[in-house]
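Work through the exercises below with the model open. Each task is followed by a stepwise solution.

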Amino acid sequence: MKKLLLLSLLLTISLCTLFSAGAKETSVTEITFWHSNSGILGEAIEDLVDNFNDSVGKEKNIFVTAIYQGKASDVLTKVKAVSQSGDKSEYPSLVQLDATGVVDMAANSDLLYVEDLFKANGDDLSFLLDHAKESMMYKNRVIGLPFNASTILYYYNKTLFDKAGVKEIKTLDDLINVADKLCQKDENGKIVTYAISSVPTTYEMCAFIGSQNGGSYLTDMDNGHLGFATKTVFKEEGTLKAFLEKWKELYKTGGLKNSTSGVTTEFVSGQTASMFASTSNLTTVLNAIDGRFELGVSYLPMVNEEATGGVNLGGGALFTFDQDENTSKAVYEFMKYLTSAESQLTWHIKTGYLPVNKDTYNLDEFKTHCKQNPEFKVASDQLLASNPKVVGLWIPNGYEVYYAFQSNIKAMLEENISIEETVDKMTNEIDRGLDAFNRQNLN
């Protein structure tokens with residue numbers, strides 16, 4: 001009996017020792033994720049994070065804490081503050097940024113290129129859609145992992161279009177020709193519904209200029225994807241002039257309203273018949289319309305018949321930094337999960353962002369969703385029909401460039417400034433900013 005008790009005691013001690021050792025070996029790696037998603041997007045990202053923690057995270061002993069840090073510009077400001085402080089421990093494990101942050105990330109010596117992260121884990125980025133890969137290519141390497149991908153889309157009030165007998169808008173000339181039909185006036189002759197409301201900024205111009213000639217750029221260095229841009233090229237190539245000629249003609253119809261904000265609100269409330277907006281707005285717009293009218297979407301109107309390049313992929317990506325091996329491995333697993341075919345399907349359905357994983361487009365669930373929601377199919381079809389080399393603009397002082405486009409185009413129309421003068425002014429403003437940045441950072 002005593003021997004049995006002794007054997008039982010020894011077995012218990014051995015098991016306790018074994019479990020104790022196992023507990024040490026399976027300690028959880030915790031990683032932090034800074035993001036800028038709120039509202040519907042915030043709910044969607046929290047769901048993805050929770051699902052990861054409950055599945056892959058639980059299996060591989062990883063736990064992700066997602067932290068909302070405000071708008072994309074706020075997130076970038078906080079990352080830059082850490083970089084300037086020199087305290088690498090303050091970096092998040094990974095961070096979501098939009099295209100305005102890429103120049104700063106490219107100059108950050110602590111950055112770990114996502115292509116190198118995947119390679120270190122015996123993997124590659126071959127699962128990415130070509131458009132997604134090109135959108136984050138810097139000096140022939142993928143700098144960040146595309147995640148919340150979007151393009152610009154033409155939204156229109158199909159109910160109003162049908163009433164006016166307007167069937168299709170393929171080019172800006174088409175819009176110019178029907179602008180008057182789409183406008184609605186009150187008994188005093190005042191326009192209460194415009195054909196469209198817009199003052200183009202960098203986002204729209206990347207598409208309108210980028211689509212020309214089968215694929216064009218706003219600056220040298222392939223819009224900054226081969227290195228820091230040094231000058232604009234839209235003047236010498238005539239692409240900005242080609243767009244402004246059509247835009248001024250559209251304004252002369254009286255159907256273009258120069259709104260710099262509230263464009264979506266005007267559209268869903270019936271004050272405008274159409275608008276340009278991100279594909280990521282689809283879910284939000286459909287919810288806001290709430291069946292008051294039928295929504296139609298189509299490809300972005302071409303500037304002219306030679307503008308066959310399509311649209312560039314915008315949105316944002318995930319970036320990470322040089323960290324300890326366990327953290328980097330955990331970041332890799334989380335990134336792989338977020339961009340898996342299934343996760344990208346979930347993200348697409350809940351938000352309207354386009355899948356970056358090419359395998360998502362072959363899933364039966366994706367095809368069924370597009371069949372039931374044709375607006376989403378238009379968005380993905382437009383992307384797949386576009387030239388992957390048409391890419392977004394990576395430029396320092398991105399917000400200054402944004403307002404340079406907006407303020408000068410608005411002034412051209414409202415103050416009757418010539419197209420040539422407008423092109424010269426925009427060229428000089430942006431080139432001066434590029435020159436100042438390069439003299440400070442490249443010398």
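## Exercise 1: a three-stranded sheet

Tyr-154 stands opposite Ser-298 in S14. The model is predicted: local features need pLDDT of at least 70, side-chain atom pairs count only at pLDDT 80 or more, and totals for chains, interfaces and linings use all residues. Residues are numbered from 1 along each chain as its sequence is written, and side-chain values use heavy atoms, with hydrogens and water left out.

Task: Place S8 and S14 in their sheet, giving the order of the strands and the pairing.

Solution.
- Step 1. Fix the terms. Strands (E, at least two residues) and helices (H or I, at least four) are DSSP runs, numbered from the N terminus. Two strands pair if DSSP finds at least two bridges between them.
- Step 2. Take the pair. Strand S8 (residues 152-157) and S14 run antiparallel, joined by four bridges.
- Step 3. Extend to the sheet. The order is S13-S8-S14, an open sheet of three strands with antiparallel pairing.
- Step 4. Find the edges. Strand S13 (274-278) and strand S14 (295-298) each pair on one side only.
- Step 5. Add the twist. From one strand to the next, the twist averages 35°.
- Step 6. Look for a packed helix. H14 touches S8, S13 and S14. The direction of H14 makes about 155° with that of S14. Contact means heavy atoms within 4.5 Å.

## Exercise 2: a helix pair

Task: Describe how the axes of H14 and H18 cross.

Solution.
- Step 1. Choose the descriptors. Two packed helices are described by the angle between their axes and the distance between the axes.
- Step 2. Define them. Axes are lines fitted to C-alpha atoms, for helices over the stretch in contact, and angles run from 0 to 180 degrees between N-to-C directions.
- Step 3. Read the values. The axes of helix H14 (residues 282-289) and helix H18 (residues 374-384) come within 11 Å and cross at roughly 150°.
- Step 4. Classify. H14 is therefore roughly antiparallel to H18. Angles over 145 degrees count as roughly antiparallel, under 35 as roughly parallel, 65 to 115 as roughly perpendicular and the rest as oblique.
- Step 5. List the contact. H14 gives Leu-282, Thr-283 and Leu-286; H18 gives Glu-375, Phe-376 and Ala-379.
- Step 6. Sort the residues. Four are nonpolar, one is polar and one is charged. Ala, Val, Leu, Ile, Met, Phe, Trp, Tyr, Cys and Pro count as nonpolar, Asp, Glu, Lys and Arg as charged, and the others, Gly among them, as polar.

## Exercise 3: two residues

Task: Is Thr-29 buried or exposed? Treat Gly-144 likewise.

Solution.
- Step 1. Set the cut-offs. Buried means under 20% relative accessible area, exposed over 50%, partly exposed in between (1.4 Å probe, protein chains only).
- Step 2. Apply them to Thr-29. Its relative accessible area is 18%, so Thr-29 is buried. Thr-29 lies in strand S1 (residues 29-35).
- Step 3. Find its partners. Beyond four places in sequence, Thr-29 is in contact with residues including Asn-61, Phe-63 and Ala-330.
- Step 4. Move to Gly-144. Gly-144 sits in the loop between strand S6 (141-142) and strand S7 (145-150). Its relative accessibility is 0%, so Gly-144 is buried.
- Step 5. Find its partners. Beyond four places in sequence, Gly-144 touches residues including Val-114, Met-136 and Phe-319.

## Exercise 4: the whole chain

Task: What share of the 443 residues is buried?

Solution.
- Step 1. Buried residues make up 52% of the chain.
- Step 2. For context, the chain has 20 helices and 15 strands.
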